[in-house]
Amino acid sequence: MSKKVLVVGGGMTGLSAAYYLQKAGIEAELVEKEDHLGGKISTVHKDGFTIERGPDSFLARKTSMLRLAEEVGMSEQVVKNATGTAYILAKGRLNRMPQGSHMGIPTRRRPLLKSSLFSPAGKGRALLEPYQRLRLKKEDEGLGLFLRRRLGNQVVENAVEPLLSGIYAGDIDQLSMDATFPQFKELTGEYGSLVRGLKETGAVPKVKRNKAKPSVFRSFSGGLESFVEAIHSQLKAGTVQLSAGVDHIEKKEQGYHVLMSNGEVKHADDIILAVPAPAVAKMLAHYDWVEPLKQMKATSVANIAMAFDQKAIKKDIDGTGFVVARTSSEYRITACTWTHKKWAHAAPEGKALVRCYIGKPGDEAVVDRTDQEIEDMVLHDLRKIMDITDRPDFSIVTRWHNGMPQYSVGHKERLTQVEHHMKKDVPGIQLAGAYYYGIGLPDCIDQGKEAAKRIIER
């Protein structure tokens, strides 16, 4: 009898898992509780603009997404981002990131000394990093705390944290070192210095003077949702069910019974749960070992995309956008992308598309303000930076309630414990997705593909 697999969750992880299972000839069905696929991926086409409501790109050096794009016939639609200066808003001004920085960590002496981001004391503290002999902790710890010990508070607060907030939208001191950047600890242990390790391993690419920075991000000319549609088109007809939530999963003598929200019962030999951890905890609530999944936190964020005539932006800054240091508490926005400069396909000629983000630890309630209130507060901040005097032609607000998983200290250890129990009690069920082992789109594809591979090999 052929094996039947149920994939729960139609985001990038679930879609990838279903695709690779079916490609291998496995009978796989995908169910998604929402009325659309793609998870946070959502593209709007309006008045010649291409607007991403969720992620707007993926990292090219993580090649799994490019490989999948080739398999589903999307290679010709892949586009590179335009590169340009990215700024950090700190000390009341837009500051250039020092050349040779990696995730905000300065690795070159002269650009650090010339930077307006740090005081003389802050620069001196960072320059001491290669000469420190600090004991490396074996146990997991907060990423921010590790970096503060090595580089000082100013580098963390004015450079590293603003960049990472665009990825994790959380408190950097609470983020798990082992689950986010374990390579920082490994490099420090091997080379005796994080900065030295980054330089020796080529983590910071050398850019020749007057030569453009290499493009590191990719998207699709029709928007990211076109990629979701391309994967969906490769799945067998009738194997995707939308508006189909899962309430409960029960292990039986042969396989599993899955109780759907509409009362239907599905049978599966294997299940891939590509959904948030709290949802998994509800589906498997009769096991006490799901408690750590219930406790996994996520922050709420929102973004607003605003369309303008380019003439409305009086102070047109050469670059692709900026992030805001948390020390700049007078601003409610956390980041701003000049999307029309970053992506050629995003706006018609003569138009500008600006996307700003709000919501951070301690200010999550702002996400629930009305669309008009969010537009007003964002414009208030932008007028101080870019001298935008007009209101936008239109704006689109997107809210992600509990949408950004937080890998808090001890994340990997808790997952290991849960998966140990799963192998014993529910060996045919796997976890995969942004809540677990990486939040980027290529990370999600990798997890979906790996989960499918384990089933195929069995």
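Two strands count as paired if DSSP finds at least two bridges between them. With that rule in hand, start at the open sheet of this predicted model. Five strands form the sheet, in the order 12-2-1-16-22, and the pairing is parallel. Strand 12 (240-241) and strand 22 stand at the edges. Each has a single partner strand, so one side of each is left without a neighbour in the sheet.

Now look at one pair within this order. Strand 1 covers residues 4-8 and strand 2 covers residues 27-31. The two run parallel, joined by five bridges. Val8 stands opposite Val31 of strand 2. Strands of a sheet pair through backbone hydrogen bonds, either parallel or antiparallel.

The antiparallel sense appears in strand 3 and strand 4. Strand 3 (residues 43-46) pairs with strand 4 over four bridges. Thr43 has Glu52 of strand 4 as its bridge partner. The two strands form a hairpin with two residues between them. There, Asp47 takes a positive phi near 50 degrees.

Most residues other than glycine have a negative phi, and most peptide bonds are trans. Two further residues depart from that sign. Lys91 has a positive phi, near 55 degrees. Its place is in the loop between strand 7 (86-90) and strand 8 (93-96). Asn402 also has a positive phi, near 50 degrees. Asn402 is found in strand 21, which spans residues 394-405.

Strand 4 leads on to the enclosed space. The count comes to one cavity of 30 Å³ or more. The largest cavity has a volume of about 100 Å³. Its lining includes Thr50, Ile51 and Glu52, along with Asp56 and Ser219. Thr339, Trp343, His345, Ala346, Leu353 and Arg355 also line the largest cavity. Strand 4 (49-52) and strand 20 (351-358) are the elements that give two or more residues to this lining. Strand 4 gives the most, with three residues. By class, the lining of the largest cavity has four nonpolar, four polar and three charged residues. Glu52 thus links two parts of the picture: Glu52 is the bridge partner of Thr43, and Glu52 also lines the largest cavity.

Next comes a helix pair. Helix 2 (residues 64-71) packs against helix 16 at an angle of about 70 degrees. Their axes lie 8 Å apart. Angles of 65 to 115 degrees count as roughly perpendicular, and helix 2 and helix 16 are therefore roughly perpendicular to each other. Helix 2 makes the contact with Ser64, Met65 and Leu68. Helix 16 brings Leu441, Pro442, Ile445 and Asp446. By class, this contact has five nonpolar, one polar and one charged residues.

Helix 16 also borders open space. It gives four residues, the largest share, to the lining of the second largest pocket. About 330 Å³ of space lies in this pocket. Its lining has 15 residues. Glu419, Lys423, Gln430, Leu431 and Arg454 lie nearest the centre of the second largest pocket. Helix 15 (411-425), strand 22 (429-431) and helix 16 (441-457) each supply at least two lining residues. The lining of the second largest pocket divides into seven nonpolar, two polar and six charged residues.

Strand 22 brings the path back to its start. Strand 22 stands at an edge of the open sheet, and strand 22 also supplies at least two residues to the lining of the second largest pocket.

Key:
Residues are numbered from 1 along each chain as its sequence is written. This is a predicted model: local features need pLDDT of at least 70, side-chain atom pairs count only at pLDDT 80 or more; totals for chains, interfaces and linings use all residues. Side-chain values use heavy atoms; hydrogens and water are left out. On a 1 Å grid over the protein atoms alone, a cavity is a set of points where a 1.4 Å probe fits but cannot get out, and a pocket is an open set with protein on both sides within 12 Å along at least five of seven lines; lining residues have an atom within 4 Å of a point. Grid points are joined across faces, edges and corners, and a volume is the space filled by probe spheres set on the points. Ala, Val, Leu, Ile, Met, Phe, Trp, Tyr, Cys and Pro count as nonpolar, Asp, Glu, Lys and Arg as charged, and the others, Gly among them, as polar. Axes are lines fitted to C-alpha atoms, for helices over the stretch in contact, and angles run from 0 to 180 degrees between N-to-C directions. Angles under 35 degrees count as roughly parallel, over 145 as roughly antiparallel, 65 to 115 as roughly perpendicular and the rest as oblique. Contact means heavy atoms within 4.5 Å.
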